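Subject: Handing over a structure, with notes on what was found in it

Dear colleague,

I am passing a structure on to you, and below it you will find a careful account of what was found. Please read the notes with the structure open beside them.

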Amino acid sequence: GTDLIPRVDELVAFWAGLPGAISVIAAILLIDFAAYWRHRVEHIRALWPIHAVHHADEAMNWLSVRRKHPLGEAMSMIVDNLLVIALGLPFWAIAVSLLLRAWWGYFIHADVPWTLGLLGKALISPAAHRLHHIRDEHLMGYNFGNTVTLWDWVFGTYRDPKPYVNCETGIAEGTRNFLGELARPFE
């Protein structure tokens, strides 16, 4: 075929035989799995200058989710979706999960101190994600998930956000203007 990413017919048929809700939940979990590892890798020295554009925001708000370097955005789109496409999940289920994850991304970047209580143990809360944006390089190494906390729990990177609810965000190098942020990865 002419598919850019080959899909195994048996896998496509497997997902087609399941209830749609299962496909959407699987897509959310699998995309979050890929995004978790992509996000962790973005914190290594070689890729940090690209991802630092996102972390440089000193005044987080719901639009902070869109503050990304174009290279980081491209990496997210490719890495986060490759697994679910290759595993044959229905494209409609992938689209629904991407819409839900995008909405959640705006929500968790909002400047609200919400931990979501018990629900915050399963879903990344605004407070948990703010902790990931804390102006402390060690604590930035926690709460990599976008939607669910599952992968942070499994791989030992979940940190309770309660002690850090209104923490200062940003990076030591500070924020820059538009052109300065575009240039950051090439310095």
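Leucine 100 is a convenient place to begin, since at 43% relative accessibility it counts as partly exposed, where partly exposed lies between buried (under 20% relative accessible area) and exposed (over 50%), computed with a 1.4 Å probe and the protein chains only. Leucine 100 lies in helix H5, residues 91-108; helices here are DSSP runs of H or I with at least four residues, strands are runs of E with at least two, and both are numbered from the N terminus. Leaving aside residues up to four places away in sequence, leucine 100 touches Val24 and Ile28, a contact being heavy atoms within 4.5 Å. Between leucine 100 and histidine 133 there are 22 Å from C-alpha to C-alpha, with the two 33 residues apart in sequence.

Before going further, a word on the basis of these notes: this is a predicted model, in which local features need pLDDT of at least 70 and side-chain atom pairs count only at pLDDT 80 or more, while totals for chains, interfaces and linings use all residues. Residues are numbered from 1 along each chain as its sequence is written, and side-chain values use heavy atoms, with hydrogens and water left out.

On the overall form, the protein has eight helices and zero strands, and its C-alpha trace spans about 50 × 40 × 25 Å along the principal axes. The radius of gyration is 17 Å, which agrees with the value near 16 Å that a compact globule of 187 residues would have; this radius is taken over C-alpha atoms, and the globule rule is 2.2 Å times the number of residues to the power 0.38. Buried residues account for 45% of the 187 residues, and of the contacts between residues at least 6 apart in sequence, 69% join residues at least 24 apart. The accessible surface comes to about 9800 Å², with 69% of that belonging to carbon and sulfur atoms, as given by the Shrake-Rupley method with a 1.4 Å probe, where for residues only the protein chains shown count as cover.

Turning to the interior, the largest nonpolar core has eight residues, namely Trp15, Ala26, Ala27, Ile31, Val84, Ile85, Leu89 and Ile94; such a core is a set of buried Ala, Val, Leu, Ile, Met, Phe, Trp, Tyr and Cys residues joined through side-chain atoms within 4.5 Å. Helix H2 (20-42) and helix H4 (70-86) are the elements that give two or more residues to this core, and H2 gives the most, with three residues. In soluble globular proteins, nonpolar side chains tend to be buried together.

Isoleucine 31, one of the core residues, touches Asp80, Asn81, Val84, Ile94, Ser97, Leu98 and Arg101, not counting residues up to four places away in sequence. Serine 97 is in helix H5 and is buried, at 0% relative accessibility; on that same way of counting, serine 97 touches Val24, Ala27, Ile28 and Ile31.

On the surface, Trp37, Leu150, Val154 and Phe155 form a nonpolar patch with about 330 Å² of accessible area together. Patches are made of residues with over 30% relative accessible area and no salt bridge, with like charges joined within 9 Å and nonpolar side chains (Val, Leu, Ile, Met, Phe, Trp, Tyr) within 5 Å. Leucine 150 sits in helix H7, residues 150-154, and is partly exposed, with a relative accessible area of 35%.

Finally, the charged pairs: the structure holds 14 salt bridges, each a side-chain nitrogen of Lys or Arg within 4 Å of a carboxyl oxygen of Asp or Glu. One of them joins glutamate 42 to arginine 38, with the closest N and O atoms 2.9 Å apart; because glutamate 42 and arginine 38 are four residues apart in helix H2, about one helical turn separates them. Glutamate 42 is buried at 3% relative accessible area, and arginine 38 is buried at 12%.

Glutamate 173 and arginine 184 also meet in a salt bridge, at 3.9 Å from N to O. This pair links distant parts of the chain, 11 residues apart, with glutamate 173 in the loop between H7 and helix H8 (178-183) and arginine 184 in the segment after H8. Glutamate 173 is partly exposed at 49%, whereas arginine 184 is buried at 5%. Salt bridges that share partners join Arg67, Glu173, Glu181 and Arg184 into one network.

With best wishes
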